[in-house]
Amino acid sequence: MEMERLQKIIAESGYASRRKAEELIKNGKVVVNGKVVRELGTKASFSDDILVEGKKIEREEKEYYIFNKPRGVITSTSDDKGRSVVTDYFGSNKRLYPVGRLDYDTTGLLIVTNDGELANLIMHPKNEIEKVYIAKIEGIIKGTEINKLKNGIVLDGVKCIPKRVKLRSFDKKTNSSIVEIVITEGKNHEVKRLFEAVGFSVSKLKRERIAFLSLGNLQSGESRKLNPKEVKQLFNLVK
């Protein structure tokens, strides 16, 4: 069997993302052939007896979906307050989890998979995966404010520069604007904070696209499996 880094094997088993696997190793939660392993460079293979938090891991068939997240659903696999979570919508026996996150009240496209390696690659800022959002904001946004956004806003000490900001429409009666914004990072509440920085509150937010994947005619709460060509295309984008 091919020897690989332990954190990669754990991610491939679908147990956790590679980053989470590294934490588990450092915290002494991983046992290989009866020995606790804390070294991140340790190599192993699926023929070894590997226990993570007491559970034996095995190679898992990979599944890839896109999901249209409804409003009021938590981007997680469990919630201590008993709220609805993304994985409630999947009947798979695989350990699926969402890639990245959307806020509780944000709707739209999420990738859901049990492939920890791909999840990490998509989320890594250096890969600059485009995420397209449609924001309904309170107020009529003007060119000067759109330009401010285009020039970048400092969040958490880092300048965030959207790839694109485009006014789709505005409505003087309801005093609102619909704006398309494209980002490649995934900071917490990033889109909402960008608009707040130029004086606007976001009343509705939907993610329409990640890279080349769009919602198409998926209704709220619906998902579909990615085909092998789409999966290959995703890997090509991030490698």
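**Note on two pockets and a helix pair**

1. The second largest pocket of this predicted model has a lining made up of Gly14, Tyr15, Ser17, Thr75, Ser76, Thr77, Leu96, Tyr97, Pro98, Gly100, Arg101 and Met123. By class, five of these lining residues are nonpolar, six are polar and one is charged. The space in this pocket comes to about 350 Å³.

2. The largest pocket has a volume of about 450 Å³. Its lining consists of 25 residues, and those nearest the centre are Arg101, Tyr133, Glu185, Gly186 and Lys187. Arg101 is thus named for the largest pocket and also belongs to the lining of the second largest.

3. Which helices and strands each supply at least two residues of the lining of the largest pocket? They are helix H3 (116–123), strand S10 (131–138), helix H5 (190–197) and strand S15 (201–210). Sorted by class, the lining of the largest pocket has 10 nonpolar, six polar and nine charged residues.

4. Helix H3 also packs with a second helix, H6 (residues 228–238): their axes come within 9 Å and cross at roughly 50°. With that angle, H3 counts as oblique to H6, because angles between 35 and 65 degrees fall outside the parallel and perpendicular ranges. The crossing of the two helices is left-handed.

5. On the H3 side, the contact is made by Leu118, Leu121 and Ile122, and on the H6 side by Leu234, Phe235 and Val238. The contact of H3 with H6 has six nonpolar residues, with no polar and no charged ones.

Notes: Residues numbered from 1 in each chain as written. Predicted model: local features only at pLDDT ≥ 70, side-chain atom pairs only at ≥ 80, totals over all residues. Heavy atoms only, no water. 1 Å grid on protein atoms, 1.4 Å probe; cavity = no way out; pocket = protein on both sides within 12 Å on 5 of 7 lines; lining within 4 Å. Points joined across faces, edges and corners; volume = space filled by probe spheres on them. Helix = DSSP H or I, 4+ residues; strand = E, 2+ residues; numbered from the N terminus. Nonpolar A, V, L, I, M, F, W, Y, C, P; charged D, E, K, R; others polar. Axes fitted to C-alpha atoms, helices over the stretch in contact; angles between N-to-C directions. Parallel < 35°, antiparallel > 145°, perpendicular 65-115°, else oblique. Left-handed = near helix turned anticlockwise from the far one by under 90°. Contact = heavy atoms within 4.5 Å.
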